[in-house]
Amino acid sequence: MARTRPDVTVPDLAGRLAVVTGASAGVGLGLAARLAGAGAEVIMPVRNRRKGAAAIAEIKQQHPEAAVSLRDLDLSSLDSVAALGQALRSEDRPIHILINNAGVMTPPTRQTTADGFELQFGSNHLGHFALVAHLLPLLRAGRARVTSQISIAANQHEINWGDLNWERSYHGRRAYSQSKIALGLFAVELHRRSQAEGWGITSNLSHPGVAPTSLLAARPELGRSKDTLDVRLIRALSRRGILFGTVETAQLPALLAATSPTARGAHLHAPSGLAQLAGPPTEQPLYTRLRNPQEAQELWQISETLTKTPIPTP
């Protein structure tokens with residue numbers, strides 16, 4: 001007997017404006033398609049316009065009436081983040097949903113962003129921090145739901161406080177964990193500040209479980225010339241419905257967190273199966289590494305300084 005594939009019900013999103021980072025492929029593309037299919041207008045900021053155009057064509061094939069458009073964004077460049085923020089502010093339309101989904105994972109050797117930050121910390125966390133800072137007026141105007149996509153890795157390792165940019169000793173997996181812990185701490189602190197200052201923003205977290213996405217696939221630009229053993233194993237088991245999810249099921253936690261009327265701020269939405277690897281999405285306990293308010297506030301201040309994008313209180 002065939003297994004029932006898990007899914008979530010997305011409410012009617014007509015009249016809502018959504019922004020999804022990393023929407024040109026994989027989980028991000030699936031999220032953009034589901035939001036557009038529910039009636040939202042979806043902005044897809046991408047690094048590669050060719051891939052973005054192909055993604056829009058795929059969405060239009062599923063939903064011919066979908067309102068989707070591209071913008072330019074490279075999260076590894078603070079100038080690019082600022083340019084997107086300026087462009088969207090000039091359009092002056094409230095944003096109702098922001099999904100901080102884009103990410104880079106475990107380059108085999110240390111790489112840096114255009115601004116000199118370790119690539120994973122700079123892209124996965126600092127880029128999204130700066131994006132929220134630049135979009136804050138629009139997020140406040142839309143009383144937005146901001147969902148930040150973390151990872152099981154946020155429940156491993158720790159913030160390398162003494163060397164945030166991994167200049168002394170690079171470890172790819174530990175640096176990846178740090179970037180996702182940092183993004184998670186930011187999401188929790190964003191919600192706390194929104195409540196304290198009356199911003200009207202609900203900030204929560206999601207993670208996709210483990211699925212055969214492109215994160216561990218061959219990425220020559222990251223110095224990874226072929227697929228890792230990990231992703232080959234994940235693909236093989238995923239095809240058989242063993243242990244891991246699929247690209248389709250990996251979309252569901254963020255979709256639930258970003259659209260469900262009952263999704264709460266500062267809470268984590270994740271797969272409910274063994275070790276949160278796969279399964280229907282549900283609210284899960286916040287990882288212990290994301291529960292320290294002092295660390296969240298310290299990281300916020302550091303992020304403001306590094307990105308030169310202070311988030312002012314009204």
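Buried, as the word is used in these legends, means that a residue has under 20% relative accessible area. The views below come from a predicted model.

**Figure 1. Overview of the chain, with its nine helices and eight strands.** The radius of gyration is 18 Å, which agrees with the value near 20 Å that a compact globule of 314 residues would have. Along its principal axes the C-alpha trace spans about 55 × 45 × 40 Å, and 55% of the residues count as buried. Among contacts between residues at least 6 apart in sequence, 72% join residues that lie at least 24 apart. The chain exposes about 13,600 Å², and carbon and sulfur atoms supply 50% of this area. The chain carries 33 positive and 25 negative charges, whose mean positions are 5 Å apart.

**Figure 2. Close-up of S194 in helix α5, which covers residues 172–197.** S194 has a relative accessible area of 3%, and because the limit for a buried residue is under 20%, S194 counts as buried. When residues up to four places away in sequence are set aside, the contacts of S194 are with W199, G200 and I201.

**Figure 3. Close-up of A296 in helix α9, which covers residues 293–307.** A296 is buried, with a relative accessible area of 5%. Once its neighbours within four places in sequence are left aside, A296 is in contact with L185 and E189. For the pair A296 and L185, the C-alpha atoms are separated by 5.0 Å, although the two residues are 111 residues apart along the chain.

**Figure 4. The largest nonpolar core, made up of 53 residues.** In soluble globular proteins, nonpolar side chains tend to be buried together. Within this core, the residues that touch the most other members are I95, L139, I150, F186, L205, L290 and I311. Two or more residues each are given to the core by β1 (17–20), α3 (78–91), α4 (119–141), α5, β7 (268–271) and α9. Of these, α4 gives the most, with 11 residues. Another core, of 33 residues, lies apart from the largest one, and among its members are A38, M44, L70 and A250.

**Figure 5. Close-up of L205 and H269, which touch one another.** L205 touches, among others, S148, I150, G184, A187 and V188, as well as H267, L268, L286 and L290, when residues up to four places away in sequence are not counted. H269 is found in strand β7 and, at 3% relative accessibility, counts as buried. With residues up to four places away again left out, the residues that H269 touches include N204, L205, S206 and H207, together with P253, R264, T282 and E283.

**Figure 6. Close-up of two loop residues, T106 and R143, with positive phi.** Most residues other than glycine have a negative phi. Phi of T106 is near 45°, and T106 is found in the loop between β4 (97–100) and α4. At 12% relative accessibility, T106 counts as buried. Phi of R143 is likewise near 45°, and the place of R143 is in the loop between α4 and β5 (145–149). R143 is exposed, with a relative accessible area of 59%.

Terms used. Residues numbered from 1 in each chain as written. Predicted model: local features only at pLDDT ≥ 70, side-chain atom pairs only at ≥ 80, totals over all residues. Heavy atoms only, no water. Helix = DSSP H or I, 4+ residues; strand = E, 2+ residues; numbered from the N terminus. Rg over C-alpha atoms; globule rule 2.2 N^0.38 Å. Buried < 20%, exposed > 50% of the residue type's maximum accessible area, 1.4 Å probe, protein only. Contact = heavy atoms within 4.5 Å. Areas by Shrake-Rupley, 256 points an atom, 1.4 Å probe, with all protein chains shown as cover. Lys, Arg positive; Asp, Glu negative; His and termini not counted. Charge placed at Lys NZ, Arg CZ, Asp CG, Glu CD. Core = buried A, V, L, I, M, F, W, Y, C linked by side-chain atoms within 4.5 Å.
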